[in-house]
Structures are given as C-alpha cells and as structure tokens.
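Hi,

Here is the structure I promised to pass on. Have a look at it first, and my notes on salt bridges and one of the sheets follow below.

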Amino acid sequence: MMAEDRQQDSYPHAGTSRRRVLAAAALAPMLAGTPAPARALPTRTAEVKSPSPVEPVPTVLSDWEHVANTLGRTGDMKRKAMYHTSLPRRDLRVCSRRIVVKPALALGSHVSFIRYADKSTLVMGDVVVTEHELQPFTDALHEHKIGQTAIHKHLLSQTPDIWWIHVHGHGHDTVALASGLRAAFDRTGTPPPLPPTPQQSVDLDTAGIDAALGVKGSLDDGIYKCIFVRREKITDGNLVLPPGLGSTSAFNFQPLGGGRAAISGDCAMIAKEVQDVLVALRRAGAELVELHNHGLTDEPRLFFTHFWAVGDGVKLARALRPAVAATNVVPAG
C-alpha cells in the first residue's frame, strides 16, 4: 500500500476534505456568474405521442340487429351514427315537488352504440334505477366490464328514491357489450317496450316556447323537448363523439294545464361557462338540482347542471334563454 493510501486509511476525514475542496472548485464559476463548461446531456427517449383521434363511421339500422335482439327491444338511428335505444321507466310512479313525473320528462333510460373506424364499438348511456336496484345493477355492470362514469340525481325530493347512472363500455365485441347491459337491466324493473303510439298535441304554446328558446322542439310521449348540442368536437379518450352524444342541453316541458309546465332540464357546459349558467338559471326562477360530470375522459371537460322549474311555459322559456346563450351550443338537427 502506498504512503498516500495509508495516510487516507489512517485519517478518513482527509479524503472527505479533499472531495469538499474539489466540489467547491466546481461550484466557484457558477457562484461567480461564470458559465460552467458545457456537458453533454443523456439522450432522451422519444416522447410517446397520443394516438390520433378515431372517428365514428356511419351505420344503418340493420347493422344493429344483433344488439336489438340482445337487448330485447328495437332502437333507432340518430345523426346516421348512433344506434339509440330508449328504456323508459313506465313501471315507476315518481313524484317531485308534488308533481307526478311522466317517464319522458326525467325517467327515460337510454343507451347508444357507435361504430368506429378501428372496428371497435362504444356504448354510452344514462340509466334510471331505484335505490333498491342501484347496487345489483352496479354489480352486474362490473361483472361484464362495463364502467360507470356518474351516479347522481336529476330530481329534487323525489319519491321513491331514484338514481341516475351513466354507463360506458368500449371494445370489439359488440354483442358482449349488449349482453352486459342486458344482464344489468334484468336486475331492475325496467319494463318491456310498448308498441309505438301516434304523437298527440300538448296543452302548451309550443310555437311560443320555440321562439323564446330559439329552437324547434319535438314531442316525446306527451313531453315537449328542446335540445341543443355543443359546437365543439368532443372526444372521449381517443374516440371522437358524434355531435350530441353525451353533450346535449335539454329543456323538457311537461304540461300541467293552462299553458303551465314543469321543466326538468340539463345544461352541458365547459368550466368557464358554469357560473354564468348557474346565475342565469336562478334568475329564471329555476331550482338547481346537481352540478357534476357525466364522463371521465371527455375533452373539452364537460360539466352538467340539472334544474327544475314550474310556471307558464313560454315565460319560463324566455327566462331560460340567457342560460342557453351562456353556452356554446346550437339547436340539435
């Protein structure tokens, strides 16, 4: 062993002091404002780019016969891309604010299937369940790998206790998605479909409501509905959502006689619009029910507020117009 090594072994702090001197020398140029010698940085791994958004593809009613057979009911096409199935809870007699709520006003479960360019299928929906059904329905979804993206209320002080669940599934086995939903619905009292009936007129000034809101509404089982869709392109993960899927603002009018109506509504908003909409709704005399998200990975991030109002249909529509104007929406085609 060399003398220098023996000296460091005998005096361990000597080596430590020497390292401190060297470190101080290296820092001196930096502390003095003199740039330190440049050193090569380690090569970075190339950043992983997000996959390009996948667009929905047009489909026709016959493309979804297997889904209809699995669900046990026939749906319809919306905007040439969404296969939509309605499952109204006609089995329930629900009251809110001493008003009996018709199924089409706020008890309309529905699911939509969309085909994509990568041959995958997305299903999204909003399902009405009683509090007694909530856990069994949830368990069935989990058993079939179908997700839940929201659990919340649409009505105030309702009896019996009702919950609304937003469901989400994506994969290449469309029948498996439909089978999972069917298994979940079978754990509820959701009734079988009824034969279609002709639409009848309602005791409302629908032309006045249309003019007040700036939209052409439509009748659905005794309820007058005014629908708006977001202008932006909405994505869910890397999937582009068809206009209106999971991003609609809806104003549903249930006639109460004499031109009066109960309104159950839902506004789709981005974050910067939320406060203006809430203020506009309260100024219109509407009661706020919920503020929440319907999805988990939507972009831009959407928020939804459900509200309730009772009064003259046209006057309420005029009062609610500022809430529409506060959001980036257009009337649904």
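A cut-off before anything else: buried means under 20% relative accessible area, exposed means over 50%, and partly exposed is what falls in between. Glutamate 143, with 48% relative accessibility, therefore counts as partly exposed. Also keep in mind that this is a predicted model.

Now for that residue's partner. Glutamate 143 makes a salt bridge with arginine 187, and their closest N and O atoms are 2.9 Å apart. This pair links distant parts of the chain, since glutamate 143 is in helix 5 and arginine 187 is in the loop between helix 6 (174-185) and helix 7 (206-213), 44 residues apart. Arginine 187 has a relative accessible area of 36%, so arginine 187 is partly exposed too.

How many salt bridges does a search of the whole structure find? The total is 11. As general background, side chains of opposite charge can pair when their charged atoms come close.

Another of these joins glutamate 133 and arginine 89, with 3.0 Å between the closest N and O atoms. Glutamate 133 sits in helix 5 (residues 131-143) and arginine 89 in the loop between strand 2 (82-88) and strand 3 (94-96), so this contact ties together parts that are 44 residues apart in sequence. Buried or exposed, these two? Both glutamate 133 and arginine 89 are buried. There is a network here as well: salt bridges with shared partners join Arg89, Asp91 and Glu133.

Then there is glutamate 287 with arginine 97, whose side chains meet in a salt bridge at 2.7 Å, N to O. Glutamate 287 belongs to strand 15 (residues 287-292) and arginine 97 to the loop between strand 3 and strand 4 (99-101), so the parts tied together are 190 residues apart in sequence. Glutamate 287 counts as partly exposed because its relative accessibility is 27%, and arginine 97 gets the same label at 31%.

On to the sheet. An open sheet of 3 strands runs in the order 12-11-16, with antiparallel pairing. Strand 12 (239-240) and strand 16 (298-299) are at the edges, each with a single partner strand, so one side of each has no neighbour in the sheet. Strand 11 (residues 235-236) pairs with strand 12 in the antiparallel sense over 2 bridges. If you want a residue to click on, aspartate 236 has leucine 239 in strand 12 as its bridge partner.

Cheers

Methods. Residues are numbered from 1 along each chain as its sequence is written. This is a predicted model: local features need pLDDT of at least 70, side-chain atom pairs count only at pLDDT 80 or more; totals for chains, interfaces and linings use all residues. Side-chain values use heavy atoms; hydrogens and water are left out. A salt bridge is a side-chain nitrogen of Lys or Arg within 4 Å of a carboxyl oxygen of Asp or Glu. Helices (H or I, at least four residues) and strands (E, at least two) are DSSP runs, numbered from the N terminus. Buried means under 20% relative accessible area, exposed over 50%, partly exposed in between (1.4 Å probe, protein chains only). Two strands pair if DSSP finds at least two bridges between them.
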